[in-house]
Amino acid sequence: LREKIRELELSFTQKYPPVKFLSEKDRKRILITGGAGFVGSHLTDKLMMDGHEVTVVDNFFTGRKRNVEHWIGHENFELINHDVVEPLYIEVDQIYHLASPASPPNYMYNPIKTLKTNTIGTLNMLGLAKRVGARLLLASTSEVYGDPEVHPQNEDYWGHVNPIGPRACYDEGKRVAETMCYAYMKQEGVEVRVARIFNTFGSRMHMNDGRVVSNFILQALQGEPLTVFLFLPSDLVNGLVSLMNNNISSPVNLGNPEEHTILEFAQLIKSLVVSRSHIQFLPEAQDDPQRRRPDIRKAKMLLGWEPVVPLEEGLNKTIQYFSRELEHQANNQYV
Ligand code: NAD
Ligand code: UDP
């Protein structure tokens, strides 16, 4: 009853989204690096609403305060402006390590910084995990499979990555980050979880993110004969939390196995936006993966997880978010 009263009291303040009351023994201190970014801010919402104490660490390279501003001032929430390339000394129980630029234009903007973030940044977070005995979940990527020679990709596939190509700073950075996780697990007994995330889209995604959905929605329509698999932050966030709290330390693919060609996708977005844009075909970018599709049998079997949000519903929400953002930008230009 006391818990219910506390929950009611908190919901009366109205200032924040509703937060569950968790007893001290169930409440965890959780660090989310990159928590002001697209995925991190949705994860912040879930863990805050579940009643945990959340510390977001972000250097605001692609993330924004706006993504988490609705929690600022809440007693369970803390936002730290910090670059993970520098050591960090705090006390936590779990670390979701998401800090890294995620889209090609962003990670290619400063390849050395991308490498530092994924290598030194991950080393620092593993060092932190080791010191405080926290479990660390690494947000890895389908890019570790490179331009894959097998289709679909399961977790046993070693990948096909060009180590000196334009995407290498990210692909190889994440591959080293995975290597570091398992080295810290073997040598130091750090508990690690590795999620290999496939393309995700949704609200709070950076407008100039440069990935397929934002490009299409922003009328920069371009079709390529490659395929993508997209899923939504709520599905992804549930997968990440489930993986963190399970006992599977080997890598797990999290993605949507429903396959679409880029052209189909462009056409679908064009019809949902009711846009007059025409679809333009441009030369393909170097080392761009031709086709990717996650084999998610492992996540299904071991976590009981699979994406559930229908594609069109997610697209419509994202389109709404982007149009509001465009309006917001236009209004702010004249202030
Ligand atoms: P995002 O760019 O929105 O978020 C990344 C966050 O990390 C940003 O808030 C950014 O400011 C922060 N950051 C970057 N470098 C940092 C540093 N040195 N120190 C502290 N903070 C730093 O991208 P996202 O889509 O939310 O991706 C989150 C994670 O998930 C990334 O690690 C990415 O590699 C991984 N991932 C995402 C996708 C996807 O489709 N969104 C797919 C595969 C993997
Ligand atoms: N580190 C950190 N926070 C901590 C503990 C360590 O940022 O709470 C950093 C530390 O600066 C080091 C890295 O993590 O650069 C690796 O730490 P570890 O203890 O594994 O290695 P060592 O410091 O012994 O080389």
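What follows is a short exchange about aromatic pairs, cysteines and one helix in a predicted model.

Biologist: How many aromatic pairs does the structure hold?

Modeller: Five. Among them is the pair of Y107 and Y170.

Biologist: What makes Y107 and Y170 a stacked pair?

Modeller: Two values. The ring centres lie 4.2 Å apart, and the cut-off for a pair is within 6.5 Å. The planes meet at 5°, and stacked needs under 30 degrees. Both tests are passed, so the pair is stacked.

Biologist: Why is this pair said to tie together parts of the chain?

Modeller: Because Y107 sits in helix α3 (residues 104–109) and Y170 in helix α5 (residues 168–188). Those parts are 63 residues apart in sequence.

Biologist: Why is Y107 called buried?

Modeller: Its relative accessible area is 1%. Buried means under 20%, so Y107 qualifies. Y170 has 6% and is buried as well.

Biologist: What makes the pair of Y145 and Y157 stacked?

Modeller: The centres are 6.0 Å apart, and the planes are at 25°. The limits are 6.5 Å for pairing and 30 degrees for stacking. Both values fall inside, so the pair is stacked. Y145 and Y157 each lie in the loop between β5 (135–141) and α5, 12 residues apart. Both residues are buried.

Biologist: Which residues form one aromatic cluster with Y145?

Modeller: Y157 and F198.

Biologist: How do you know that C169 has no disulfide?

Modeller: The closest cysteine sulfur, in C181, is 19 Å from that of C169. A disulfide needs the sulfur atoms within 2.5 Å. The gap is therefore too far for a bond. Seen from C181, the nearest cysteine sulfur is that of C169, and C181 is in no disulfide. The count comes to zero disulfides.

Biologist: Are these two cysteines buried or exposed?

Modeller: Buried. C169 has 5% relative accessibility, and C181 has a relative accessible area of 0%. The cut-off is under 20%, so both values meet it.

Biologist: What makes the span of helix α2 close to the expected one?

Modeller: Helix α2 (residues 38–49) has 12 residues. From first C-alpha to last it reaches 17 Å. The expected value is 16 Å, at 1.5 Å a residue.

Biologist: Why is α2 called mostly covered?

Modeller: Of its 12 residues, 10 are buried. They include F38, V39, L43, L47 and M48.

Biologist: What phi does G51 take, just after α2?

Modeller: A positive one, about 100°.

How values were computed: Residues are numbered from 1 along each chain as its sequence is written. Chains are lettered from A and ligands numbered from 1 in the order in which they are written. This is a predicted model: local features need pLDDT of at least 70, side-chain atom pairs count only at pLDDT 80 or more; totals for chains, interfaces and linings use all residues. Side-chain values use heavy atoms; hydrogens and water are left out. Rings of Phe, Tyr and Trp (its six-membered ring) pair if their centres lie within 6.5 Å; planes under 30 degrees apart count as stacked, over 60 as edge-to-face and the rest as tilted. Helices (H or I, at least four residues) and strands (E, at least two) are DSSP runs, numbered from the N terminus. Buried means under 20% relative accessible area, exposed over 50%, partly exposed in between (1.4 Å probe, protein chains only). The expected span of a helix is 1.5 Å times one less than its number of residues.
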